[in-house]
Amino acid sequence: MESPHLRLRKDEIVLPDGDRVSDYYVRESNGFVIVFALTRDDRVVVVHQYRYGLDAVTLELPAGTIDDDEHHLDCAKRELIEETGFTASRWELLLTAPSDPVRSNSMMHAYIAYDAQRTHEQDLDEGEDVEWELISVDAFREALEHGRIGAVPSIAVAYAALQRLGR
């Protein structure tokens with residue numbers, strides 16, 4: 001099965017002990033990015049986004065899928081503009097990690113975007129329902145600690161970013 005966002009591959013695998021597993025499905029994709037964007041006045045750019053799988057709106061960091069032949073930094077810059085209208089003067093790679101090594105080849109690339117400021121209007125993809133908001137680092141940390149950040153990748157990137165920033 002294939003879509004513009006991922007491919008689903010069916011394998012038969014042989015485990016190290018020789019056991020075979022048939023019908024083992026693997027999601028293939030170009031990976032995705034997540035952006036921890038921080039404004040000059042120390043606020044975090046977050047998004048409220050409808051997620052079909054949960055049938056709910058979640059609070060997350062801006063994120064998106066890497067297009068074919070797109071570098072992850074270019075994707076991060078594009079997604080931040082599309083989802084929020086923000087750009088940043090300085091970008092730092094925070095981490096690159098497998099998103100789900102059990103069932104996927106997808107890699108997550110996370111960036112900190114410094115001195116973010118709103119320079120564009122949102123330019124959402126078809127099917128996206130996203131509202132952006134600026135919240136203080138303290139309010140962001142509180143949302144994180146009280147389970148209001150709605151996706152594990154955003155949670156992981158949030159903690160890594162706050163640690164990198166010494167917060």
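In this predicted model, Asp115 sits in strand S9, which covers residues 107–118. Its backbone deserves a second look, for Asp115 has a positive phi of about 55 degrees although it is not a glycine. Most residues other than glycine have a negative phi. As for its surroundings, Asp115 counts as partly exposed because its relative accessibility is 30%, a value between the 20% limit for buried residues and the 50% limit for exposed ones.

A second aspartate invites a similar description. Asp23 belongs to strand S2, and here too phi is positive, at about 55 degrees, although the residue is not a glycine. Asp23 has a relative accessibility of 44%, so it counts as partly exposed.

Asp41 takes its place in a loop, the one that links S3 and S4. With 47% relative accessibility, Asp41 is also classed as partly exposed. Its relation to Gln117 shows how a folded chain can be read in two ways: along the sequence, Asp41 and Gln117 are 76 residues apart, while in space their C-alpha atoms are 9.9 Å apart.

Glu82 offers a contrast in accessibility. This residue is part of helix H1, and its relative accessibility is 11%, so Glu82 counts as buried; the cut-off for that class is under 20%. Which residues does Glu82 touch, leaving aside those up to four places away in sequence? The partners are Gln122, Asp123, Leu124 and Asp125.

These residues can now be placed in the whole chain. The protein chain contains three helices and ten strands. Followed along the sequence, the elements appear in the order β-β-β-β-β-β-α-β-β-β-β-α-α. The pattern thus opens with a run of strands before reaching a helix, and it ends with two helices in a row.

The overall dimensions come next. Along its principal axes, the C-alpha trace spans about 55 × 35 × 30 Å. How does the radius of gyration relate to that of a compact globule? For 167 residues, such a globule would have a radius of gyration near 15 Å, and the chain has 17 Å, which agrees. Of the 167 residues, 39% count as buried. The accessible surface comes to about 9500 Å², and carbon and sulfur atoms account for 48% of that area. Contacts across the sequence add to the picture: among those between residues at least 6 apart, 59% join residues at least 24 apart.

The final feature is a pocket. The largest pocket has a volume of about 1400 Å³, and 47 residues line it. Nearest its centre lie His5, Phe32, Arg51, Gly64 and Thr65. Several elements each supply at least two residues of the lining: the strands S2 (20–28), S3 (32–39), S4 (43–51), S5 (56–60) and S6 (63–65), together with the helices H1 (72–84) and H3 (152–164). Which element gives the largest share of this lining? Helix H3 does, with four residues. The chemical character of the lining is mixed, with 15 nonpolar, 16 polar and 16 charged residues. Two elements met earlier thus return here, as strand S2, the home of Asp23, and helix H1, the home of Glu82, are both among the contributors to the lining of the largest pocket.

Definitions and conventions. Residues numbered from 1 in each chain as written. Predicted model: local features only at pLDDT ≥ 70, side-chain atom pairs only at ≥ 80, totals over all residues. Heavy atoms only, no water. 1 Å grid on protein atoms, 1.4 Å probe; cavity = no way out; pocket = protein on both sides within 12 Å on 5 of 7 lines; lining within 4 Å. Points joined across faces, edges and corners; volume = space filled by probe spheres on them. Nonpolar A, V, L, I, M, F, W, Y, C, P; charged D, E, K, R; others polar. Rg over C-alpha atoms; globule rule 2.2 N^0.38 Å. Buried < 20%, exposed > 50% of the residue type's maximum accessible area, 1.4 Å probe, protein only. Contact = heavy atoms within 4.5 Å. Areas by Shrake-Rupley, 256 points an atom, 1.4 Å probe, with all protein chains shown as cover.
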